[in-house]
Amino acid sequence: MLFINFIAHPVTVYGKSMDPTLKDGEIGFTNIIGTLLTEPERGEVVVVKMTDPDTQETSHWVKRIIGMPNETIECINEQIYINGEVWMKVNILMKIINKA
């Protein structure tokens with residue numbers, strides 16, 4: 001229990017939103033201690049605890065950080081904008097992710 005509550009937590013990836021970095025059904029572990037020592041950065045993969053407002057059931061979502069606090073993110077014509085400035089084209093982002 002110490003391992004799961006304080007060091008790492010197992011997480012399963014559901015769906016294709018993290019392809020090609022992580023595949024549907026892959027199992028990984030969060031780095032709980034690491035999240036206490038450093039701030040997350042743009043581009044990192046994180047696990048977010050979500051609560052369904054209707055059922056109050058919790059689940060963990062695996063996602064990649066694009067926006068940081070107080071930023072506005074938009075995707076227009078396959079380009080990602082951060083605070084109104086072009087950050088990256090979606091196809092270029094996918095090439096970077098494929099090499100990671």
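Here is a chat about the predicted model shown above, one chain at a time in questions and replies.

Me: Before we dig in, what kind of model is this and how are residues numbered?
Reply: It's a predicted model, where local features need pLDDT of at least 70, side-chain atom pairs count only at pLDDT 80 or more, and totals for chains, interfaces and linings use all residues. Side-chain values use heavy atoms, with hydrogens and water left out, and residues are numbered along each chain as its sequence is written, starting from 1.

Me: How many helices and strands does the chain have?
Reply: Helices (H or I, at least four residues) and strands (E, at least two) are DSSP runs, numbered from the N terminus. Reading from that end, the order is α-β-β-α-β-β-β-β-β-α. The tally is three helices and seven strands.

Me: What share of the chain is buried?
Reply: Buried means under 20% relative accessible area, exposed over 50%, and partly exposed in between (1.4 Å probe, protein chains only). The chain has 100 residues, and the buried share is 13%.

Me: Is Val11 buried or exposed?
Reply: Val11 belongs to strand S1, residues 10–12. Its C-alpha is 5.7 Å from that of Phe29, although the two are 18 residues apart along the chain. Because its relative accessible area is 6%, Val11 is buried.

Me: How many bridges pair S3 with S4?
Reply: Two strands pair if DSSP finds at least two bridges between them. S3 covers residues 45–51 and S4 covers residues 58–64, and they pair in the antiparallel sense. One of the contacts puts Val45 opposite Arg64 in S4. The bridge count for S3 and S4 is seven.

Me: Which residue in the turn of that S3 and S4 hairpin has a positive phi?
Reply: Most residues other than glycine have a negative phi. The S3 and S4 hairpin has six residues between its strands, and one in the turn has a phi of about 65°. This residue in the loop between S3 and S4 is exposed, because its relative accessible area is 52%. The residue is Gln56.

Me: What about S5 and S6: which residue there takes a positive phi?
Reply: S5 and S6 run antiparallel and are joined by four bridges. Their hairpin has two residues between the strands, and the phi in question is near 50°. The residue is Asn77.

Me: Which residue in S6 is the bridge partner of Ile76?
Reply: Ile76 is found in strand S5, and it counts as partly exposed because its relative accessibility is 38%. Its C-alpha is also 9.6 Å from that of Val86, 10 residues away in sequence. The bridge partner in S6 is Gln79.

Me: Where is Asn83 found?
Reply: Asn83 isn't a glycine, yet it has a positive phi of about 55°. With a relative accessible area of 44%, Asn83 is partly exposed. It's found in the loop between strand S6 (79–82) and strand S7 (85–89).

Me: Which residue forms a salt bridge with Arg42?
Reply: A salt bridge here is a side-chain nitrogen of Lys or Arg within 4 Å of a carboxyl oxygen of Asp or Glu, and the structure holds one. The closest N and O atoms are 2.9 Å apart. The pair links distant parts of the chain, 29 residues apart: Arg42 in the loop between helix H2 (32–37) and S3, its partner in the loop between S4 and strand S5 (73–76). That partner is Glu71.

Me: And which ring does the charged end of Arg42 sit over?
Reply: A charge sits over a ring if NZ of Lys or CZ of Arg is within 6 Å of the ring centre and within 35 degrees of the ring normal. Arg42 counts as partly exposed, because its relative accessibility is 31%. Its charged end is 5.9 Å from the ring centre of Trp87.

Me: Which element gives the most to the nonpolar surface patch?
Reply: Patches are made of residues with over 30% relative accessible area and no salt bridge; like charges are joined within 9 Å, and nonpolar side chains (Val, Leu, Ile, Met, Phe, Trp, Tyr) within 5 Å. Ile7, Ile33, Leu36 and Leu37 make a patch of about 420 Å², with areas from the Shrake-Rupley method with a 1.4 Å probe, where only the protein chains shown count as cover for residues. Ile33 is partly exposed at 40% relative accessible area. With three residues, the top contributor is H2.
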